[in-house]
Amino acid sequence: MSSSSMRSFEYLESLPGTVFNRLYKQPSTALAIFRRMLPQLAKSFVMAMLYMSRPLPVADLDTWVRPGSRREQDTAIDLLERLQILKRTAEPNKPRAYVLTNPFAASLRQALTGGGNHNSFGVPSRTPAEDQVTTAQLDDFARGQWEGVLGYMVGSTGIGLNDEGANLSLSVKHLLKYGRLVEVRGKSVDITQDGFAFVLQEVNAQVWTILILYLENAEELGMDRVDVLSFLFMLGSLELGQGYSKANLTATQLQMLLDLGDFGIIYQSSPDSDSYYPTRLATTLTSDAGALRSATAGFETALGSSNDDKGFVVVETNYRIYAYTSSPLQIAILSLFTRLSTRYPNMVSGKMTRESVRRAINMGITGDQIIDFLYTHAHPQMRKNANFLPPTVVDQIRLWQIEGERMKSTVGFLFKDFLSVAEYEGPCQYASDIGVLKWKNDAKRMFFVTRHEHVAAYLKSQKEKRREGE
């Protein structure tokens, strides 16, 4: 599961059952969750059971999976149950069985076969040909708005990024501050550690991060979060370049058009127009395309750029940096940890110093994030070497970081007191597989995770299996 899928899944998992029941009444929502949230094995289970007239016995489902893939089976079943797509039935004198929940199953069938008047996939507008917005115009608008957001975060307005770009609304600035992506001190805006990690994500993950923050803030704005979620999932199913009518939207969704326009996700010629256009940032929300590593690379790919040469940074062993770019955004990011000295039309140069790196670290940016940025954007000429980042530079960045710290804390949960090695190894390996394991001690049978919900659900399912075996 990609990072953007994981973030949206974690938010959905926290919702009560009544919200899922309302959400799944929309075919577009059921289809989007099926496409984006589920691993391939879970999708296979859903499709196999979608048209079954009776529950599927647990023993029959077990025969679909090879004995060596039981862990993947447990993960898929656990995920489906937490998203309330699958539930277990236990009737007297009948074997335990699985069944797809309604209205999810009914909505997914409707989404796959068509029909109905639910309008959950949008209502195309009848815009005259001369008034239609082209795909190129939508891409330019989305790029300008999104780079305006990133430029505000890295404080690049002083180098000209926003001179002709997006004018951020107060609601956008509030959302970035609410999500702790930036810190505002008077008139100064500083990027945080979370904000720098955000900038390094692929664009689709960035968009979902912003949308989750928007969802968490929706109730304070008097919005119905089911309406908000339904509209977001609907956007992922719309067609790029097609205008859609606003006539069937709720009051919450009409307000969302204004807010999402600030991020370049939605385009409107004016707030009073009868139609809206989803940009490429919206239509790829539920895309299965693989995640990219960098903001620039991700955005260029999302907007269909043909530029294949995305590496632009050359790092020398004397800590000098040469960046072959004219992008104000990339230059602003470099200036966070580099003392820039020279700027040409298509290149900037500078040097990483103890002071420049420590300044970035004091803002919350980690040494590993700086190294990750240099690794991601390394020039193709550097990549011809096996270790293309000079080891002396990498080591020195880490040394500069540990000058001011001797201990790193991680918030999480400790699991211990397992009665046997077998009882310990299962959940420990499961935690490692889903990426939440931070530390383990096999001798003492204890491990530490960043999230406990997944492991607790796994332990519960294993306990139920043992009861059935007895």
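What follows is a walk through the confidence of this model and two of its strand arrangements.

The model is predicted: local features need pLDDT of at least 70, side-chain atom pairs count only at pLDDT 80 or more, and totals for chains, interfaces and linings use all residues. Residues are numbered from 1 along each chain as its sequence is written, and side-chain values use heavy atoms, with hydrogens and water left out.

Let's start with pLDDT, the predictor's confidence in each residue, from 0 to 100. Its mean over the protein is 84, with 89% of residues at 70 or more. Among the elements (DSSP runs numbered from the N terminus: helices are H or I, at least four residues; strands are E, at least two), strand S10 (residues 320-323) has the highest mean, 96, and helix H15 (residues 295-302) the lowest, 43. Over residues 289-309 pLDDT stays under 50, and the model has 38 contacts (heavy atoms within 4.5 Å) beyond four places in sequence for that stretch. Residues 157-165 also stay under 50, with 14 such contacts. Where pLDDT is low, the predicted coordinates should not be read in detail.

Now for the strands, which pair if DSSP finds at least two bridges between them. S4 (residues 182-185) and S5 (residues 188-191) run antiparallel, joined by four bridges; one of the pairings puts Val182 opposite Ile191 in S5. Two residues separate the strands of this hairpin, and Gly186 in the turn has a positive phi of about 65°.

Further along, an open sheet of three strands has the order S13-S15-S14, paired antiparallel. S13 (413-415) and S14 (437-441) are at the edges with a single partner strand each, so one side of each has no neighbour in the sheet. Three bridges link S13 to S15 (residues 446-449), and Phe415 has Phe447 as its bridge partner in S15.
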